[in-house]
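Hi everyone, thanks for making time this morning. I'd like to walk you through one structure, starting with a sheet and ending with some charged pairs.

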Amino acid sequence: MENSLGLIAGHGSYPLTLAREARAAGRSPIVAAAFEKETHPEIAHVADEVQWMRVGQLGRMIKFFQRKGVTEAIMAGQIAPSHLFDLRPDWKALMLLGRLKRRNAETIFGAIADELAEAGITLLDATTYMEKSLAPAGVICGPDLRERERADVAYGFQLAKEVSRLDIGQTVVVRNGTILAVEAFEGTNQAIKRGGALGRKNSVMVKVSKPNQDLRFDVPVVGTQTLETAREASLRVIAVEAGKTILLDPEELSALADRHRITLYGAGKY
């Protein structure tokens, strides 16, 4: 089991895509820590071995990786916020949480990375093996931006950077120079729904990385579910930070964007 890659597999298709890309790059075996009610069952078909566990069983995950000879691991895919409130931590996780004065993605996952390091496991950047999936600058797919939308993207980018600096969220929804929704603990899709309900149509979503983003976790990701949610909320534009956002299933994303007349746009610095 030498050179085993550990995969901490959260929600959605991101862990599945990362496992396939890692294998294509020659990493094998791949062993996955999967979470009940979170990880897609297909993980069993893309990883060599899977250990299912509850969210919060940190000690069990570390012991599993150590048994399988894992010295490098990648965290891919989020955990639903509602499940974090239903957390049943084991003793190691309980001790970790007890040491934290603030509990947000950066402090919790940073502490988990420290625990992994103490066990001899290096947590790699979440973009490892996913470099070709990073969003390019400019219009990626869908119609070109109108002048008003370009202004909303620039304004939303600045506001989203400030909100993310405060560890509140990484997404805002804006229309005609007015911020309609700011992402908080509920996640991107719920923020899109709230913003769309207020803007009614032609609103712009902007998603950015945090200043000094720790690329080991909480990297911005956009997939087909994000685009479908935007369509249901009547958004016109999904703007993401170029070079720092992972785009999942790009061909399907492009087809959906063209079909629903939604622009996917890679924004640079403003």
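Before we look at the sheet, one definition: two strands count as paired if DSSP finds at least two bridges between them. In general, strands of a sheet pair through backbone hydrogen bonds, either parallel or antiparallel. And please keep in mind that what you see is a predicted model.

So, which order do the strands take? There is an open sheet of five strands here, and its order is 3-2-1-4-5, with parallel pairing. At the edges sit strand 3, residues 49-53, and strand 5, residues 122-123, each of them pairing on one side only. Moving inward, strand 1 (residues 4-9) runs parallel to strand 4 (residues 70-76), and six bridges join the two. If you want one spot to click on, take Gly6, whose bridge partner in strand 4 is Ala73.

Now for the helices on this sheet. Helix 1, residues 14-24, lies across strand 1, strand 2 (30-35) and strand 4, and runs at about 165 degrees to strand 1. Helix 3, residues 58-67, packs on the sheet as well, touching strand 1, strand 2, strand 3 and strand 4. The direction of helix 3 makes about 165 degrees with that of strand 3.

Next, the nonpolar interior. In soluble globular proteins, nonpolar side chains tend to be buried together. Here the largest nonpolar core has 23 residues, and the ones touching the most other members are Leu5, Leu7, Tyr14, Leu18 and Ile43. Which elements supply at least two residues each? They include strand 1, helix 1, strand 2, helix 2 (43-46) and strand 4. Helix 1 gives the most to this core, with five residues.

Let's stay with Tyr14 for a moment. Leaving aside neighbours within four places in sequence, Tyr14 is in contact with Ala76, Gly77, Ala126, Thr127, Met130, Val221, Ile246 and Leu248. Apart from this core lies another, of 21 residues, with Val31, Ala33, Ile62 and Ala73 among them. You'll remember Ala73 as the bridge partner of Gly6.

On to the charges. Side chains of opposite charge can pair when their charged atoms come close. How many salt bridges does the structure hold? The count is 16. One of them joins the side chains of Glu72 and Arg27, at 2.9 Å from N to O. Glu72 lies in strand 4 and Arg27 in the loop between helix 1 and strand 2, so this pair ties together parts that are 45 residues apart in sequence. Buried or exposed? Arg27 counts as buried, at 8% relative accessibility, while Glu72 is partly exposed at 27%.

Another pair, Arg148 and Asp152, also meets at 2.9 Å, N to O. Both residues lie in helix 7 (residues 147-165), four residues apart, which is about one turn of the helix. Asp152 is buried at 1% relative accessibility, whereas Arg148 is partly exposed at 40%.

Helix 7 also carries Lys161, which forms a salt bridge with Glu241 in strand 11 (residues 235-241), so parts that are 80 residues apart in sequence are tied together. Their closest N and O atoms are 3.0 Å apart. Since buried means under 20% relative accessible area, Lys161 counts as buried at 19%. Glu241 is buried too, at 5%.

Last one: Arg146, Glu149 and Arg236 are linked in a network of salt bridges. That's my tour, and I'm happy to take questions.

Notes:
Residues are numbered from 1 along each chain as its sequence is written. This is a predicted model: local features need pLDDT of at least 70, side-chain atom pairs count only at pLDDT 80 or more; totals for chains, interfaces and linings use all residues. Side-chain values use heavy atoms; hydrogens and water are left out. Contact means heavy atoms within 4.5 Å. Axes are lines fitted to C-alpha atoms, for helices over the stretch in contact, and angles run from 0 to 180 degrees between N-to-C directions. A nonpolar core is a set of buried Ala, Val, Leu, Ile, Met, Phe, Trp, Tyr and Cys residues joined through side-chain atoms within 4.5 Å. Buried means under 20% relative accessible area, exposed over 50%, partly exposed in between (1.4 Å probe, protein chains only). A salt bridge is a side-chain nitrogen of Lys or Arg within 4 Å of a carboxyl oxygen of Asp or Glu.
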